[in-house]
Structures are given as structure tokens and as C-alpha cells.
Amino acid sequence: MKSPKMSPDVLYVPLYLRSFNIGEKIILTLLIFVSAIAVGSIPLVLSLTGTPEQTTTTIYSSEAELWRILGERK
């Protein structure tokens, strides 16, 4: 898989300089496709795992109502 652009004594050739045959191109394309599907499905899988929704707290309309909840009196 050495590129004709590089000398034969180079050990590492970047992907963009390599010349791939058709089988390697298909495998690389399938690898990228499967990886994209796997990463894209993470939010869907996490939403379907049945995690409980976060409980919400009540927003009090006035300060007096909040003090009443805390046990204070007027």
C-alpha cells in the first residue's frame, strides 16, 4: 500500500497519500458508515433505556408561600 508519491523507505504513509485498491476502498467506506451509524444511534439508545425523568421542583409564586413551606409564620 505504498504510494508512488513516497519513497520506499518510508514506514508510515498518511491515508490521503495512499493508493487503495477497490476492496480496501469498500472496507474503508463500510467502516466509516458503520461508525457513523453507531455514534449517531447513541442518543436514541440512551433515550430508550428507560431512565427515569428528572423530578421537577415547584416554583413558588411568592416569598410568603416559600416561608410557609419552610415552617415560618408571619
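Here are legends for a few close-up views of this predicted model.

**View 1. The whole chain is a run of helices, α-α-α along the sequence.** There are three helices and zero strands in the protein chain. Not much is tucked away: of the 74 residues, 4% are buried. The accessible surface adds up to about 7,100 Å², and carbon and sulfur atoms account for 66% of that.

**View 2. Confidence varies from helix to helix.** Averaged over the protein chain, pLDDT is 79, with 78% of residues at 70 or more. Among the elements, helix α1 (residues 22-40) comes out highest with a mean of 94, while helix α3 (residues 63-69) sits lowest at 73. A word of caution for browsing: low pLDDT is where the predicted coordinates should not be read in detail.

**View 3. Helix α1, end to end.** With 19 residues, α1 runs 27 Å from first C-alpha to last, close to the expected 27 Å at 1.5 Å a residue. Zoom in on its start and you'll find Asn21, whose side-chain oxygen comes within 3.2 Å of the backbone nitrogen of Gly23.

**View 4. A nonpolar patch on the surface, built from Ile22, Ile26 and Leu30.** Together these side chains' residues offer about 310 Å² of accessible area. Leu30 belongs to helix α1. Leu30 counts as partly exposed because its relative accessibility is 48%, which falls between the 20% and 50% cut-offs. As a reminder for reading the spacing, an α-helix has 3.6 residues a turn, so residues three or four places apart point the same way.

Note on methods. Residues are numbered from 1 along each chain as its sequence is written. This is a predicted model: local features need pLDDT of at least 70, side-chain atom pairs count only at pLDDT 80 or more; totals for chains, interfaces and linings use all residues. Side-chain values use heavy atoms; hydrogens and water are left out. pLDDT is the predictor's confidence in each residue, from 0 to 100. Helices (H or I, at least four residues) and strands (E, at least two) are DSSP runs, numbered from the N terminus. Patches are made of residues with over 30% relative accessible area and no salt bridge: like charges are joined within 9 Å, nonpolar side chains (Val, Leu, Ile, Met, Phe, Trp, Tyr) within 5 Å. Accessible areas come from the Shrake-Rupley method with a 1.4 Å probe; for residues, only the protein chains shown count as cover. A salt bridge is a side-chain nitrogen of Lys or Arg within 4 Å of a carboxyl oxygen of Asp or Glu. Buried means under 20% relative accessible area, exposed over 50%, partly exposed in between (1.4 Å probe, protein chains only). The expected span of a helix is 1.5 Å times one less than its number of residues. A polar contact is a pair of N or O atoms within 3.5 Å; within protein, one must be able to donate a hydrogen and the other to accept it, and residues adjacent in sequence count only if both atoms are side-chain atoms.
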